[in-house]
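Thanks for coming, everyone. I'll take one model today and walk through it piece by piece. Have a look first.

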Amino acid sequence: MKKIDSIPTNKMGRVAKLVTTGVKVGGNYLKYYGEKAVNPNLTKDKLHENNASDIYDGLKELKGSALKVAQMLSMEKNLLPQSYVEKFSLSQFSVPPLSAPLVRKTFKTYFKKYPEEIFEEFSVDSINAASIGQVHRARIKDKQLAVKIQYPGIRESISTDIALVKPIAVRMFNLQGTSDEYFQEVEDKLTEETDY
């Protein structure tokens with residue numbers, strides 16, 4: 001699995017990634033309607049597959065709350081077309097980890113030391129990666145440890161990500177009615193999860 005060398009942590013970088021993803025989705029719609037003009041019986045199945053793939057690819061590079069929304073939406077099987085449920089459910093078990101240099105840089109930012117300055121052994125390859133952090137093996141003396149590293153800028157970007165993703169998700173998946181409560185629950189849960 002390809003490793004991630006950087007995560008956009010400021011608002012403009014995160015907006016730019018979402019805009020890039022939106023352009024890809026717009027291109028998918030243009031392609032679909034062009035093919036639909038030639039073949040009126042064409043279904044939206046391929047459109048949904050392409051959009052689900054492009055959206056997931058964009059969100060997994062952002063990590064954090066943007067990816068967590070995909071994860072939570074994948075559990076709402078009645079809300080989304082099957083292509084989205086299948087692709088977004090990857091966010092529960094198949095998220096690309098940070099590269100070794102970014103792991104070391106992130107560790108230094110949070111702990112003011114590199115991992116090898118604290119642990120006798122530290123694996124820069126994660127044993128698991130999720131939406132807000134990843135876990136690494138480490139050892140001090142005879143004690144085997146699991147060290148969870150939060151992705152850079154995740155906690156600070158929660159409100160911004162939710163504000164950016166919400167209108168897109170509401171419009172695209174027709175989530176009218178319960179969306180405010182749903183997205184507030186996502187934001188509260190994420191804020192709680194980043195408190196470590």
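How many of the 12 residues of helix 3 are buried? Eleven would be a fair count to check by eye: 11 of the 12 are buried, and helix 3 is mostly covered. Here is the roll call: G64, S65, A66, L67, K68, V69, A70, Q71, M72, L73 and S74. Note that K68 is on that list of buried residues. Helix 3 covers residues 64-75. From first C-alpha to last it reaches 17 Å, close to the 16 Å expected at 1.5 Å a residue.

Now the whole chain. Keep in mind that this is a predicted model. The protein chain has 8 helices and 4 strands. From the N terminus, the order is α-α-α-α-α-α-β-β-β-β-α-α. Along its principal axes, the C-alpha trace spans about 70 × 35 × 30 Å. The chain has 196 residues, and 41% of them count as buried. Take the contacts between residues at least 6 apart in sequence: 60% of those join residues at least 24 apart.

Next, helix 1 and helix 2. Helix 1 is residues 11-38, and helix 2 is residues 45-62. How do their axes meet? They come within 9 Å and cross at roughly 170°. An angle over 145 degrees counts as roughly antiparallel, so helix 1 is roughly antiparallel to helix 2. The residues of this contact divide into 8 nonpolar, 5 polar and 5 charged. From helix 1 we have R14, K17, L18, T21, K24, V25, N28, Y29 and Y32. They meet L47, N50, N51, D54, I55, G58, L59, E61 and L62 of helix 2.

Two asparagines in this contact deserve a closer look. N51 sits in helix 2. Is N51 buried or exposed? It counts as buried, because its relative accessibility is 0% and the cut-off for buried is under 20%. Beyond its sequence neighbours up to four places away, N51 touches V25, N28, Y29, Y84 and M172.

The other one is N28, in helix 1. N28 is also buried, at 13% relative accessibility. Leaving aside neighbours within four places in sequence, N28 is in contact with L47, N50, N51 and D54. One distance for reference: the C-alpha atoms of N28 and P167 are separated by 19 Å, and these two residues are 139 apart along the chain.

On to helix 5, residues 100-111. Its 12 residues should span 16 Å at 1.5 Å a residue, and the end C-alpha atoms are 16 Å apart, which agrees. Which residues of helix 5 are buried? They are L102, V103, T106 and F107. Seen down the axis, the buried residues fall within an arc of 135°, so they line one face of the helix. The general rule fits here: an α-helix has 3.6 residues a turn, so residues three or four places apart point the same way. Turned away from the buried side is the face that carries the exposed residues P101 and K105. And what covers the buried residues of helix 5? The cover includes helix 6, strand 1, strand 3 and strand 4.

Just past helix 5 comes K112, in the loop between helix 5 and helix 6. Its phi is positive, about 65°, although K112 is not a glycine. Most residues other than glycine have a negative phi. K112 counts as exposed, at 62% relative accessibility.

Y114 is in that loop too, between helix 5 and helix 6. Y114 is partly exposed, with a relative accessible area of 29%. Not counting residues up to four places away in sequence, Y114 touches R104, F107 and K108. F107 is one of the buried residues of helix 5. The C-alpha atoms of Y114 and V103 are separated by 9.3 Å, with their positions 11 residues apart along the chain as the offset.

Last stop: K141, in the loop between strand 3 and strand 4. Strand 3 is 133-140 and strand 4 is 143-150. K141 has a positive phi of about 55°, and K141 is not a glycine. At 60% relative accessibility, K141 counts as exposed.

That's the tour. Questions, please.

Methods
Residues numbered from 1 in each chain as written. Predicted model: local features only at pLDDT ≥ 70, side-chain atom pairs only at ≥ 80, totals over all residues. Heavy atoms only, no water. Helix = DSSP H or I, 4+ residues; strand = E, 2+ residues; numbered from the N terminus. Buried < 20%, exposed > 50% of the residue type's maximum accessible area, 1.4 Å probe, protein only. Contact = heavy atoms within 4.5 Å. Axes fitted to C-alpha atoms, helices over the stretch in contact; angles between N-to-C directions. Parallel < 35°, antiparallel > 145°, perpendicular 65-115°, else oblique. Nonpolar A, V, L, I, M, F, W, Y, C, P; charged D, E, K, R; others polar. Expected span 1.5 Å × (residues − 1). Arc of directions from axis to C-beta.
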